[in-house]
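Visitor: I would like to learn how to read the local features of a model. Could you take me through one?

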Amino acid sequence: MKSILQQQLERTGTNSVKWDGLGRWFRLSEDVLPLWVADIDIRTAPSISEALAAKAAQGEFGYTLFAPEAQDAVSDWYGRRHDLNIEPKHVLFSSGVVPALTHIVEALTDVGDGVVIQSPVYPPFYELVDGSKRQVLDAPLKVTEGRYEMDFVALEEAMKQAKLFLLCSPHNPVGRVWTKTELLKVVELANQYDVIVVADEIHADLTFPSQKHTAIASLDQRVITVSAPSKAFNIAGLFASYIICSVDGWRKQITKVQNKHHVLPTPFANTAIIAAYTDTRAERWLDQLREELEQQMNEVIDLIESNLPMLHTTRPEASYLLWIDFSQLPMSSEERKSWLHDEVRIFLSPGRPFGPAGETFERMNIGTRRELLEEAVHRLQTQLERKAFV
Ligand SMILES: Cc1ncc(COP(=O)(O)O)c(C=O)c1O
């Protein structure tokens with residue numbers, strides 16, 4: 001089958017945040033390689049585009065309810081792909097995963113309550129807790145023999161003071177797919193300290209073929225899951241996401257907050273969810289993409305290890321985000337930022353917003369054509385040599 005990742009897709013000039021945002025927000029020129037925002041430089045599955053085109057052809061774009069067929073589709077998908085049984089009526093629509101997490105925090109906690117996160121973590125986790133005037137309780141991950149792990153001592157301490165835990169599973173940016181054993185321990189601690197677990201599983205469907213994602217809600221029915229077909233099928237701009245909550249009282253409270261914020265699907269959101277989760281052509285496309293991502297991830301890590309010995313990575317188990325340690329470079333994060341943009345001419349996501357331990361890290365998005373990644377490594381190597389760092 002034709003490669004998905006190596007296809008050519010011109011995104012410049014499409015108002016892409018990743019590509020056009022560099023010029024518009026940071027005044028950088030077009031030759032800077034954008035390896036930051038978490039979407040992929042590919043078209044979505046052709047069967048999804050077809051379904052959206054058919055929906056567009058109807059010409060009906062009025063206010064839209066969450067389709068029962070979309071709830072069924074989420075339930076079937078989780079049952080088939082992640083061994084999680086869900087009642088379709090327990091699935092709520094959300095126009096984005098971050099809004100979903102924000103609304104859940106607003107619904108199920110009060111101002112001043114503690115919310116646990118595990119840094120380094122996707123920056124909106126901090127922002128949404130802070131922004132809701134709840135207290136961030138960080139239980140940082142630890143690195144054991146080059147692998148990120150949960151620090152259960154820190155997690156237990158944080159849980160003692162917490163009302164809710166925002167779990168990132170698989171984890172952005174470190175790429176861990178948490179094992180069943182780790183997740184059982186999380187559930188055990190959450191039950192012991194009466195903490196609500198909210199799992200952001202947006203990257204779950206991009207778990208590499210060599211790994212196995214465990215839906216934590218399959219270990220405890222009270223866990224709330226938030227996800228979307230957005231990362232897996234590269235349709236993040238459609239804002240078609242959902243919340244799975246089987247506790248009736250919590251679902252009612254979340255719905256109340258969603259109503260306050262006028263959460264409704266666009267007419268395309270239902271179509272996208274149904275097309276992604278029920279058409280076997282889309283499922284086959286996704287399985288091919290996962291294989292290509294795993295292979296490309298390994299190739300990029302090999303390239304870095306052979307050509308950039310000053311940089312270090314851990315091996316992600318899902319998705320397309322690579323967390324790279326630049327600590328051996330004698331530069332502050334501000335100096336590194338200018339150097340990357342002005343001299344290397346690549347744009348990575350700076351690590352600092354992911355938490356204190358991110359200060360010396362950058363996150364690279366490898367979801368693009370291989371030749372761009374080779375070019376990025378080449379540019380890094382050239383500039384490191386110029387600085388006599390290699
Ligand atoms: C862990 C995680 N959660 C949520 C999001 C964003 O989700 P949304 O755009 O649906 O709000 C991302 C995007 O990168 C992510 O990595």
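Guide: What follows goes through the ligand site, the cavities and pockets, some backbone details, a helix and a sheet. The model is a predicted one.

Visitor: How many residues surround the ligand, and which are the closest?

Guide: The ligand is surrounded by 13 residues. Val 97, Asn 172, Asp 200, His 203 and Lys 231 are the closest.

Visitor: Which atoms of Val 97, Asp 200 and Lys 231 lie at short listed distances from the ligand?

Guide: Here one looks for pairs of N or O atoms within 3.5 Å. For Val 97 the atom belongs to the backbone, an N or O lying 2.7 Å from a ligand oxygen. Asp 200 places a polar side-chain atom 2.6 Å from a nitrogen atom of the ligand. Lys 231 also uses a polar side-chain atom, at 2.8 Å from an oxygen atom of the ligand.

Visitor: How many cavities of 30 Å³ or more are there, and what lines the largest cavity?

Guide: A cavity is space where a probe fits but cannot get out. There are two cavities of 30 Å³ or more, and the largest has a volume of about 60 Å³. Its lining includes Asn 172, Pro 173 and His 203, and Asn 172 and His 203 are also among the residues closest to the ligand. Ala 318, Ser 319 and Leu 321 are further members of that lining. By class, the lining has four nonpolar residues, five polar and no charged.

Visitor: What is the volume of the second largest pocket, and which residues are closest to its centre?

Guide: A pocket, unlike a cavity, is an open set of points. The second largest pocket holds about 210 Å³ of space. It is lined by 13 residues, and those closest to its centre are Phe 66, Phe 93, Gln 258, Val 263 and Leu 264. At least two lining residues come from strand E2 (91-94), and at least two from helix H8 (248-260). Eight residues of this lining are nonpolar, four are polar and one is charged.

Visitor: Where does the backbone have cis peptide bonds?

Guide: Most peptide bonds are trans, and most residues other than glycine have a negative phi. In this model Ser 119 and Pro 120 are joined by a cis bond, with omega about 0 degrees. Pro 120 sits in the loop between strand E3 (114-117) and helix H5 (124-131). Another cis bond joins Asn 172 to Pro 173, with omega about 20 degrees. That proline is in the loop between strand E7 (162-168) and helix H7 (180-192).

Visitor: What is the phi of Lys 133, and where does Lys 133 lie?

Guide: Lys 133 is not a glycine, yet has a positive phi of about 60 degrees. Its place is the loop between H5 and strand E4 (135-138).

Visitor: How is the span of helix H10 read, and what is found at its start?

Guide: The span runs from first C-alpha to last, and is set against a rise of 1.5 Å a residue. H10 covers residues 280-307, 28 in number, and reaches 40 Å, close to the 40 Å expected. At its start, a side-chain oxygen of Asp 279 comes within 2.8 Å of the backbone nitrogen of Arg 281.

Visitor: What is the strand order of the open sheet of four strands?

Guide: The order is E11-E12-E15-E14, and the pairing is antiparallel. Strand E11 (312-313) and strand E14 (349-350) are the edges, each pairing on one side only. E12 (residues 321-325) and E15 (residues 361-365) pair over five bridges. Ile 324 stands opposite Glu 362 of E15.

Technical notes
Residues are numbered from 1 along each chain as its sequence is written. This is a predicted model: local features need pLDDT of at least 70, side-chain atom pairs count only at pLDDT 80 or more; totals for chains, interfaces and linings use all residues. Side-chain values use heavy atoms; hydrogens and water are left out. The expected span of a helix is 1.5 Å times one less than its number of residues. A polar contact is a pair of N or O atoms within 3.5 Å; within protein, one must be able to donate a hydrogen and the other to accept it, and residues adjacent in sequence count only if both atoms are side-chain atoms. On a 1 Å grid over the protein atoms alone, a cavity is a set of points where a 1.4 Å probe fits but cannot get out, and a pocket is an open set with protein on both sides within 12 Å along at least five of seven lines; lining residues have an atom within 4 Å of a point. Grid points are joined across faces, edges and corners, and a volume is the space filled by probe spheres set on the points. Ala, Val, Leu, Ile, Met, Phe, Trp, Tyr, Cys and Pro count as nonpolar, Asp, Glu, Lys and Arg as charged, and the others, Gly among them, as polar. Two strands pair if DSSP finds at least two bridges between them. A residue is near a molecule or strand if one of its heavy atoms lies within 4 Å of it.
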